[in-house]
Amino acid sequence: MEVLLPESIVRLRHQVQELTLSHIAPQASQTDQDARWPLHSMQALAEAGVMGLHVPKRFGGHEQGLLALAVLGETIAQGCTSSALCYAMHCVGSAVITAKATAYHEEKYLVPIAENRHITTLALSEHGTGAHFYLPQTELALSGAHYIVNGTKQFVTNGGHADSYVISTMASAENTEDGDFSCLIVDRDSAGIIWLEPWAGLGMRGNSSRAMQLNQVRLPRENLLGQEGDQIWYTFEVVAPYFLIAMAGAYLGLAQAALNATIEHVKARRYSHSGERLADIHTLQYRLAEMNIAVHKSRGLLYQAAYQGDVGDPQATNMILMAKADAADLAVAVTNDAMTCCGGFAYRENGQLSRLLRDARAAHVMSPTTDILKLWSGRLLLDLPLI
Ligand SMILES: Cc1cc2nc3c(=O)[nH]c(=O)nc-3n(C[C@H](O)[C@H](O)[C@H](O)COP(=O)(O)OP(=O)(O)OC[C@H]3O[C@@H](n4cnc5c(N)ncnc54)[C@H](O)[C@@H]3O)c2cc1C
């Protein structure tokens, strides 16, 4: 696929690949064991100058779109999936800020992001509406020159570590419809933020995906992104495409990492009674070919979807839905097969493959979830409304 990528993305990938090998992958196991937010990875990515991936060039960013996000997410995930997700959520948050940035947002957020000294993230999910992330119940009220925000966000990746949080709330304006929501930026030091329990997930343990309570949080009106009740535009133009492509990239990279680890083990393990290697067994050769085909197919779908999204192709939406659903299925299937191919070694050691298996399980529950994506994708085919 590299031959199809623009030179600028190939360069970014090369740079990120090197630091993934040198700084990110070596600490992946410890990050998982300690459920520790990957500061080392975020610092290395900042030093490499890639935090402003989606920020316009005039502020010092790379002004890249979905394809670069897919490729970099995939690259980092080959070393550490938690780190890939933390970086990806920063990128999605920064794409949302960039989309309708005012001069205030540019100076306060986009310039520091492009200068690699500000981490942001996206906090949409709430316990009450779960997988239906487009239905926030967090309340927004106008109070003079300020907004007052009350509610609780769940699963906030980079929670407690990001400098700012892009949140969704119900719209405060009286003339908006049910289900309208607004996006705002909450600064980390805003009074009234309470972080609930530390993150202790089954997988993605380095994410710090914590719950954030917002109690009477007072925000300047300038922190509103776009217009009140701008949800349709934000959801379909920015949040969904960037979030889905970011996730698909990370889960594709995870699958590639599982495949690589399996190949390595199958080549190395030799039976003492026959001298035969696992690599000599036809069933395993066949299984590996199937895993490899699946990874390549998913990469083709993802890159194509991201490209179509970047050029504004009207068919891009369904491609993007399919790409994330497929990457989630891929990650779960490939890590499962990898465990089978590597036998008791993989099961006993609780090492890389079992970590990847646990990380992969998050793919299906991250909104829009795989089942919901497939429903939406089918509805698009049938000219039915998505929701
Ligand atoms: C590791 C991790 C990191 C995350 N990071 C973030 C983040 O940074 N920001 C953020 O905003 N959110 C984040 N999330 C939250 C995520 O996007 C989901 O909102 C959350 O996982 C939903 O969990 P739930 O238990 O509320 O699911 P539920 O809503 O209880 O869903 C349970 C199951 O029911 C299914 N279901 C529900 N409704 C339907 C339907 N109508 N049709 C078919 N199936 C349906 C779902 O597909 C799912 O499989 C993260 C989640 C995880 C696991």
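In this predicted model, residue L140 stands opposite V149 of strand β3, and this pair belongs to an antiparallel arrangement in which five bridges join strand β2, residues 139-143, to β3. The two strands form a hairpin with two residues between them, and G144, which sits in the turn, has a positive phi of about 65°. Strand β3, spanning 146-156, is also one of the elements that supply at least two residues of the shell around the ligand, a site taken up again below.

A second set of strands makes up an open sheet of four, ordered β1-β4-β5-β8, in which the pairing is mixed. Its edges are formed by β1 (122-123) and β8 (224-225), each of which pairs on one side only. Strand β5, covering residues 181-187, runs antiparallel to β8 and is joined to it by two bridges, and within this pairing L184 has L224 of β8 as its bridge partner.

The sheet can be related to the helix α6, residues 103-114, in which Y109, L110, P112, I113 and A114 are buried. The cover over these buried residues includes the strands β4 (164-170) and β5, together with helix α5 (81-99). After α6 comes N116, a residue whose phi is positive, near 60°.

On a broader scale, the chain is divided into domain 1 (2-114), domain 2 (122-229) and domain 3 (232-381). The C-alpha centres of domain 2 and domain 3 lie 30 Å apart, and across their boundary ten residues of domain 2 are in contact with eleven residues of domain 3. The side of domain 2 that touches domain 3 comprises seven nonpolar, three polar and no charged residues.

Where, then, does the ligand lie with respect to domain 2 and domain 3? Because both of these domains give residues to the shell around the ligand, it lies between them. There are 24 residues around the ligand, of which S125, G130, F155, T157 and T369 come nearest. Besides β3, the elements β1, α10 (352-365) and α11 (370-381) each supply at least two shell residues, and the largest share, three residues, comes from α11. Classed by residue type, the shell has 14 nonpolar, nine polar and one charged residues.

Turning to the interior, the largest nonpolar core has 120 residues, and those with the most contacts inside it are V96, I245, Y251 and A331. Helix α7, residues 231-268, contributes the largest share of this core, with 20 residues. Such an arrangement can be set beside a general tendency: in soluble globular proteins, nonpolar side chains tend to be buried together. The surroundings of I245 can be followed residue by residue, since, leaving aside neighbours within four places in sequence, I245 is in contact with L66, L69, A70, A305, A306, G309, I320 and A323.

A lysine also deserves attention here, namely K324, which is placed in helix α9, residues 316-349. Is K324 buried or exposed? K324 counts as buried because 30 other C-beta atoms lie within 10 Å, where the cut-off for a buried residue is 20 or more. Apart from neighbours within four places in sequence, the contacts of K324 are L244, M247, A248 and L373. K324 and T370 are 46 residues apart in sequence, yet their C-alpha atoms are 7.6 Å apart in space.

Methods. Residues numbered from 1 in each chain as written. Predicted model: local features only at pLDDT ≥ 70, side-chain atom pairs only at ≥ 80, totals over all residues. Pairing = 2+ DSSP bridges. Near = placed C-beta within 6 Å. Nonpolar A, V, L, I, M, F, W, Y, C, P; charged D, E, K, R; others polar. Domains from an automatic or database assignment. Buried ≥ 20, exposed ≤ 12 C-beta atoms within 10 Å, placed from the backbone. Contact = placed C-beta atoms within 7 Å. Core = buried A, V, L, I, M, F, W, Y, C linked by C-beta atoms within 7 Å.
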